[in-house]
Amino acid sequence: MAGRPDTPGLIDKYGRVATDLRVSLTDRCNLRCQYCMPAEGLDWLPSADILTDEELLRVLRIAVRDLGITDIRLTGGEPLLRRGLEDLVAEITALRPRPRVAMTTNGIGLAKRAARLAAAGLDRINVSLDTIDRQTFVEITRRDRLHHVLEGLRAAQEAGLRPVKVNAVLLRGVNDHQACSLLRFCLEHGYHLRFIEQMPLDAQHQWNRAEMITADEILAILRTEFTLEPSPAERGSAPAERWLVDGGPGEVGVIASVTKPFCQACNRTRLTADGSLRSCLFSTDETDLRTILRSGGSDEDVANAWRATMWAKGPGHEINSAGFAQPLRPMSAIGG
Ligand code: SAM
Ligand code: SF4
């Protein structure tokens with residue numbers, strides 16, 4: 001690692017330090033969101049390739065103890081499909097120094113599990129919801145499960161996982177005209193809504209620059225019914241630009257991953273369900289930690305492989321340049 005300072009943390013050549021780890025717990029999912037997966041699903045990873053709870057906990061212990069990871073977000077695929085999730089959360093929150101633990105989920109099945117997840121120590125939750133119209137939900141996700149997501153949201157809030165955040169992706173001609181009703185619904189329920197620009201991470205490679213709804217368009221749509229002014233809150237390395245709605249205190253966030261990349265402030269590192277490290281959602285290379293784990297590698301071997309992966313991190317994604325190549329794995333397999 002030529003030129004790398006002798007520091008334990010996950011520093012890269014551009015001076016960024018990764019402290020936020022996104023962990024994919026499974027690549028499987030019970031929805032088929034158009035912008036993520038084809039209707040028939042994908043070839044799921046073989047179970048034998050998925051890190052066991054024991055392997056995963058070992059990696060996470062190294063991450064918080066030796067590498068300075070302070071925040072862990074559980075995602076997928078659909079993390080609620082991981083067997084024994086509540087126990088896993090309890091073991092992760094028992095690590096020291098205790099990481100903050102969050103989860104991104106589609107909310108299906110959350111109604112029954114939110115209280116146990118909160119009791120296990122889960123700190124925060126993001127639920128993905130692109131519309132509150134049942135027909136449009138079916139069109140986007142190819143499943144008639146809107147009511148389950150709404151019950152899940154309510155249960156998360158009742159379990160004290162506050163503020164519940166809602167992630168939404170807008171698709172032209174599908175749910176873009178419903179952005180205001182979704183915001184109104186979230187404001188009424190005290191959910192913090194964030195719109196995310198659609199990124200080229202779908203398995204079908206159907207993303208089209210000309211079709212995507214940009215952050216500027218999202219703001220223009222919202223301004224047809226609300227007044228928006230920049231929120232005084234510190235942004236830090238958070239990707240969302242936040243806006244006060246109708247003078248506050250309600251807010252909305254917009255994540256302009258494509259049109260206004262925030263790569264220079266990125267503090268993330270990623271672990272796939274089958275134990276590969278990535279320095280970026282858009283990385284075209286990965287480091288195979290699973291082989292190190294299963295061939296008797298030491299904790300220091302794991303830590304050094306991780307340091308090297310992050311030292312090799314590029315300055316940013318290249319979505320806006322002509323030579324951009326979409327990563328081989330789709331979002332659901334990387335962990336969104
Ligand atoms: N299944 C969980 C869920 O949907 O919340 C977690 C995994 S999902 C890949 C994580 C987030 O990525 C979701 O909020 C989803 O809307 C978002 N997402 C998926 N594909 C995307 C794309 N092509 N562009 C932008 N966001 C995307
Ligand atoms: Fe599943 Fe999440 Fe992808 Fe939708 S966005 S198909 S819920 S992994």
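Okay, before I start: when I say helix or strand today, I mean a DSSP run, at least four residues for a helix and at least two for a strand, numbered from the N terminus. With that in hand, Leu281 sits in the loop between β13 and β14. And please keep in mind that this is a predicted model.

Let me stay with Leu281 for a moment. Is Leu281 buried or exposed? The cut-off for buried is under 20% relative accessible area, and Leu281 comes out at 10%, so it counts as buried. Looking past its neighbours within four places in sequence, Leu281 is in contact with Met199, Leu201, Arg270, Pro327, Met331, Ile334 and Gly335. There's also a distance to Phe195: the two are 86 residues apart in sequence, and 18 Å apart in space from C-alpha to C-alpha.

Right next door in the sequence is Cys280, also in the loop between β13 (276–278) and β14 (287–288). Cys280 brings us to the annotations. An unreviewed UniProt entry puts a "binding site" on Cys263, Cys266 and Cys280. They're spread over 18 residues of sequence, yet they cluster in space, with a largest C-alpha distance of 9.3 Å.

Where does Cys263 sit? You'll find Cys263 in the loop between β11 (251–255) and β12 (268–271). Cys263 has 16% relative accessibility, so we call it buried. Its contacts, again skipping neighbours within four places in sequence, are Arg16, Pro315, Gly316 and His317.

Now for the other set of cysteines. UniProt, again in an unreviewed entry, lists Cys29, Cys33 and Cys36 under "binding site". In the model, which residues are around ligand 2? They're Cys29, Leu31, Cys33, Cys36, Gly77 and Asn106, so do look for those three cysteines when you turn the structure around. By class, that shell has four nonpolar residues, two polar ones and no charged ones.

Zooming in on two of those, Cys29 lies in the loop between β3 and α1, and Cys33 lies in the loop between β3 and α1 as well. Cys29 is buried, because its relative accessibility is 16%. Cys33 is buried too, at 15%. As for what they touch, leaving out residues up to four places away in sequence, Cys29 has Met37, Trp44, Glu78, Leu81 and Asn106. On the same terms, Cys33 is in contact with Ile140, Thr141 and Arg142.

Next, the inside of the protein. In soluble globular proteins, nonpolar side chains tend to be buried together. Here, the largest nonpolar core has 98 residues, and the ones with the most contacts inside it are Leu74, Phe195 and Trp306. Helix α1, residues 53–66, gives the most to this core, with seven residues.

What does Leu74 touch, not counting residues up to four places away in sequence? The list is Val23, Leu25, Pro79, Leu85, Val89, Ile92, Val101, Ala102, Met103 and Thr104.

Last topic, charges. Side chains of opposite charge can pair when their charged atoms come close. How many salt bridges does the structure hold? There are 19, and I'll walk through three.

One is Arg290 with Asp49, where the closest N and O atoms are 4.0 Å apart. This pair links distant parts of the chain, with Arg290 in helix α8 (residues 289–294) and Asp49 in the loop between β3 (20–24) and α1, 241 residues apart. Arg290 is buried, at 18% relative accessible area, whereas Asp49 is partly exposed, at 24%.

Another is Arg65 with Asp299, at 3.0 Å between the closest N and O atoms. Here Arg65 in helix α1 is joined to Asp299 in helix α9 (residues 299–311), across 234 residues. Arg65 is partly exposed, at 41% relative accessibility, and Asp299 is partly exposed, at 27%.

Then there's Arg172 with Glu217, whose closest N and O atoms are 2.9 Å apart. Arg172 is in the loop between β7 (165–168) and α6 (179–189), Glu217 is in helix α7 (residues 215–222), and they're 45 residues apart. Both ends are partly exposed, Arg172 at 33% and Glu217 at 27%. Finally, salt bridges with shared partners tie Arg58, Arg65, Asp66 and Asp299 into one network.

That's my tour, over to you.

Methods: Residues numbered from 1 in each chain as written. Chains lettered and ligands numbered in written order. Predicted model: local features only at pLDDT ≥ 70, side-chain atom pairs only at ≥ 80, totals over all residues. Heavy atoms only, no water. Near = heavy atom within 4 Å. Nonpolar A, V, L, I, M, F, W, Y, C, P; charged D, E, K, R; others polar. UniProt positions renumbered as here; feature names shortened; annotations may be inferred. Buried < 20%, exposed > 50% of the residue type's maximum accessible area, 1.4 Å probe, protein only. Contact = heavy atoms within 4.5 Å. Core = buried A, V, L, I, M, F, W, Y, C linked by side-chain atoms within 4.5 Å. Salt bridge = Lys/Arg side-chain N within 4 Å of Asp/Glu carboxyl O.
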